[in-house]
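Visitor: Could you walk me through this one? I'd like the numbers with their cut-offs.

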Amino acid sequence: LTTTSKYERDGDGVSRRKVLECMTWTGTGLLWTLTGGVPRSLGLIGEAVAADTTGLTFLQISDSHIGFDKAANPHTSATLEEAIAKVKSLPIKPSFMIHTGDISHLSKVAEFDEADKIISLARLDVHYVPGEHDVIDEQHKLYVERYGKGAKGAGWYSFDANGVHFIGLVNVVDLKAGGMGNLGAAQLEWLEADLKSRTASTPIVVFAHIPLWAVYPTWGWGTEDSVRALELLRGFGSVTVLNGHIHQIMQKVEGNVTFHTANSTAFPQPAPGSAPSPGPLKVADDKLRTLLGITDVTFKPGQKRLAVIDRPLQGEGKAS
Amino acid sequence: MTTCRKFGSRPSAVLVGAAAILISLALATRVLAADLEVKIENFTFNPQKITVKAGTTVTWINADDIPHTVVATTKDFKSKVLDTNDKFSFTFTTPGSYEYFCSLHPHMKASIVVEAAIGQS
């Protein structure tokens, strides 16, 4: 399932700053380690890891779609539970989690309640951004009241952890006919101000639901005004953009920016252009978890290309 | 199976009923155009372009496993979120061109042209 776009890095860009040495994807979660603002190798999930843990480790989950009960996966609560069990079994406890949206399927209180109940079992702080499924109600009140306290607009905000500046963006509201994801002028203005006081050496992690790069505009898999956000991030040595929405792993490195999309915990979607439309992809029951498997994304110093290894929960892993 | 109760907060249910009575009374004169259905499937509105007479009720039905909405770019009509098999109806009384889209997946666009009904000028 994993498709990879590989781009040569600029000779003295990201690698000189030793930005991302290693990341580990689980399909259910992406594990990151950053020490003193510099990401460190953590090793693979399941291995005994004797790494220095003074850095920062965080985890990404995405697209839990609690409430979805159709053929592609009638048991989305169960697979989210499996994802959280996976988080709890990690050899190094992450400092916190980010959830890149589509917590719920239909923005229902009961769905948010159920998601919260399961995710809280991880006993980690969770930083959320909404997916379009979380802001279905008028004025997206349910999401903002529950997850967006202290945030701006429909729930954008930033915070710092271990020298890394994290920015959670919202690109799923006020969508324009014919368009894709949308950040909007107010949020871009806020972003500019938020970044103004940061030094160029500050590692930046941006997370949002819909990809902030044009994965496949024909299916709306991109963000109309993401170019403006990326312009604001141009001066920074290390920028990592984490997204969900497309329910499959994709990655791209472009100059100083590394883009990733995460797997869903609920159901896969077709690869771009491989089906008449996006949407829940029904696969054989015994294949579902092979598509929710583990993928390791590894950055090694001195290497110009990032290495991706998919390690499905069932079956052999392979480098893409 | 109509979900007008659920989504037809507008007078569409009443109009559908009224239309049915009128059609039965005046079928031969074809005063009212037949009501139409637009299927939402594979992230598209099908048919994507239709032309109807004023007074026509259009019903959208979501055949996808993912929720969609039906929203006029001019805000003349706007459905609630339609889960699988949910319907939304709107009766077009004013001639004109109506563009609409899914506010969750805005690349989904379609349009309806409403022509004056026979006898209307």
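Visitor: How many residues of chain B are in contact with chain A?
Guide: Contact here means heavy atoms within 4.5 Å. This is a predicted model, where local features need pLDDT of at least 70 and side-chain atom pairs count only at pLDDT 80 or more, while totals for chains, interfaces and linings use all residues. Side-chain values use heavy atoms, with hydrogens and water left out. On the chain A side there are 23 residues, and on the chain B side the number is 17.

Visitor: What area do chain B and chain A bury between them?
Guide: Interface size is often quoted as the accessible area lost when the parts come together. Buried area is counted that way, with a 1.4 Å probe and summed over both parts. Carbon and sulfur atoms hold 67% of it, and the total is about 1600 Å².

Visitor: How many residue pairs are in polar contact between chain B and chain A?
Guide: Salt bridges (a Lys or Arg side-chain nitrogen within 4 Å of an Asp or Glu carboxyl oxygen) come to zero across this interface. A polar contact is a pair of N or O atoms within 3.5 Å; within protein, one must be able to donate a hydrogen and the other to accept it, and residues adjacent in sequence count only if both atoms are side-chain atoms. With both residues at pLDDT 80 or more, the count of pairs is two.

Visitor: What share of chain B is buried?
Guide: Buried means under 20% relative accessible area, using a 1.4 Å probe and protein chains only. Chain B has 121 residues, and the buried share is 45%.

How values were computed. Residues numbered from 1 in each chain as written. Chains lettered and ligands numbered in written order. Buried area = accessible area lost by both parts, 1.4 Å probe. Buried < 20%, exposed > 50% of the residue type's maximum accessible area, 1.4 Å probe, protein only.
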